[in-house]
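I opened the model to look up how the chain packs on itself. The entries below follow the order in which I went through it.

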Amino acid sequence: MSAELGKNESTLVSQVHSHSSVFPPAEVTDDLFVHEPLDSRLQEQVSGQTVSVWKDAWRRLLQNRGTVIAMCIIVLITLLALIGPQLSGRPYDEQNLTFSNLPPKVAGLEWLGFDGKDAKGIDQYEARGITEHFWFGTDEFGRDLWTRVWKGTQISLTIALLAALLDLVIGVAYGGISAFYGGKIDNVMQRIIEVLVGIPNLIVIILFILILDPGIFSIVLAMIVTGWVGMARVVRGQMMQIKAQEFVLASRALGASNSRLIVKHLLPNAVGPILVTLMFTIPTAIFFEAFLSFIGLGLQPPLASLGVLIQDGYVSMRYFTYKLVFPGIVISALMISFNLLADGLRDALDPRMKK
């Protein structure tokens with residue numbers, strides 16, 4: 001059997017040699033290669049530029065109409081808070097009893113209700129012989145509500161932004177250290193957070209303000225006592241997830257220091273949830289400031305904030321509704337807009353929301 005196999009193999013080899021001698025191998029030239037035809041419909045996909053993560057997120061953010069409207073409202077209210085007090089030319093704390101409790105009046109907008117008439121339909125400007133117009137009316141001390149509303153918005157936004165930025169700094173640092181080092185350090189730091197979470201936030205803020213004198217500094221300081229806890233938890237969760245990925249292990253194997261790992265790899269990949277949490281923190285801070293001022297533990301007159309103005313309007317809303325309407329519209333627009341912006345950022349920065 002083995003002899004027959006060897007004989008067949010030698011026969012095949014001899015046949016191959018005979019054929020190769022009859023048909024020599026052809027020379028390989030360029031004309032033997034033909035380019036595959038390119039579909040013109042795919043040309044843009046082939047030659048298109050790559051889009052970064054942030055550009056793609058910004059594009060998807062602009063596609064959300066609710067978010068775009070919310071951003072426009074926030075920008076408009078911020079601009080009015082900055083330049084609004086200067087438009088009237090009146091100080092926010094200037095008192096003149098001659099102008100007390102004047103309804104809103106704007107020349108050309110009488111058809112919208114800015115006609116200076118009170119609840120009885122009497123034009124108070126003509127009845128008192130007053131030639132000046134107050135766009136948002138005046139309070140019981142004759143102070144211009146236009147100036148006070150935008151000055152109060154300016155103060156409320158300042159308090160909210162300061163509280164949010166301090167929560168951002170403390171929360172990112174605390175959560176980052178807890179997640180990066182882990183072990184006993186993480187256990188101790190998380191037990192501290194659990195103790196703070198177990199104490200009602202509102203009670204801590206009220207007790208803290210009772211110790212200090214009411215003012216911007218005391219309100220901001222009271223808000224950050226426990227306000228950073230939510231940010232710290234978000235940062236810790238994100239960094240715990242990112243720290244276990246391969247690119248962090250590769251960077252550590254290449255000799256990257258702890259500070260470089262945190263600054264170059266962990267924090268940039270956690271920016272999305274941090275921004276979303278920050279956007280949710282701002283309306284929360286605006287609400288707490290307004291609530292504290294409403295119950296008398298926040299800013300005190302003649303300082304103006306949205307909470308102070310709402311409290312003043314609530315007292316006299318039965319006869320002078322406009323005192324409550326204007327600050328109520330501003331604070332509602334701010335809180336709704338910031339929440340819509342936060343929702344839009346969350347959807348834009350989440351890769352799972354891509355279509």
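I began with contacts, meaning heavy atoms within 4.5 Å. Of those in the protein chain with a separation of 6 or more, 72% join residues 24 or more positions apart.

I noted the basis of the entries: this is a predicted model, local features need pLDDT of at least 70, side-chain atom pairs count only at pLDDT 80 or more, and totals for chains, interfaces and linings use all residues. Residues are numbered from 1 along each chain as its sequence is written, and side-chain values use heavy atoms, with hydrogens and water left out.

I looked up the secondary structure next. The protein chain has 15 helices and zero strands; these are DSSP runs numbered from the N terminus (helices H or I, at least four residues; strands E, at least two).

For burial, I found that 39% of the 355 residues in the protein chain are buried, that is, under 20% relative accessible area with a 1.4 Å probe, protein chains only. The exposed surface of the protein chain is about 21500 Å², and carbon and sulfur atoms supply 65% of it.

I then took up helix 13 (residues 271-294) and helix 15 (residues 322-349). Their axes come within 8 Å and cross at roughly 165°; axes are lines fitted to C-alpha atoms, over the stretch in contact, and angles run from 0 to 180 degrees between N-to-C directions. Helix 13 is therefore roughly antiparallel to helix 15 (over 145 degrees). Residues of helix 13 in this contact include Phe280 and Phe287, and those of helix 15 include Phe338 and Arg346. I counted the contact residues by type: 16 nonpolar, two polar and two charged. Here Ala, Val, Leu, Ile, Met, Phe, Trp, Tyr, Cys and Pro count as nonpolar, Asp, Glu, Lys and Arg as charged, and the others, Gly among them, as polar.

Helix 6 (residues 145-181) and helix 12 (residues 258-269) came next. Their axes come within 12 Å and cross at roughly 110°, which means helix 6 is roughly perpendicular to helix 12 (65 to 115 degrees). Val172, Phe180 and Tyr181 in helix 6 meet helix 12 residues, among them Leu261 and Leu266. This contact has seven nonpolar residues, one polar and no charged.

Last, I checked tyrosine 174, which lies in helix 6. Tyrosine 174 is buried, at a relative accessible area of 16%. Beyond its neighbours within four places in sequence, tyrosine 174 is in contact with Met189, Ile192, Ile193, Trp228 and Ala232. Its C-alpha atom is separated by 8.3 Å from that of arginine 236, 62 residues apart along the chain.

How values were computed: Angles under 35 degrees count as roughly parallel, over 145 as roughly antiparallel, 65 to 115 as roughly perpendicular and the rest as oblique. Buried means under 20% relative accessible area, exposed over 50%, partly exposed in between (1.4 Å probe, protein chains only). Accessible areas come from the Shrake-Rupley method with a 1.4 Å probe; for residues, only the protein chains shown count as cover.
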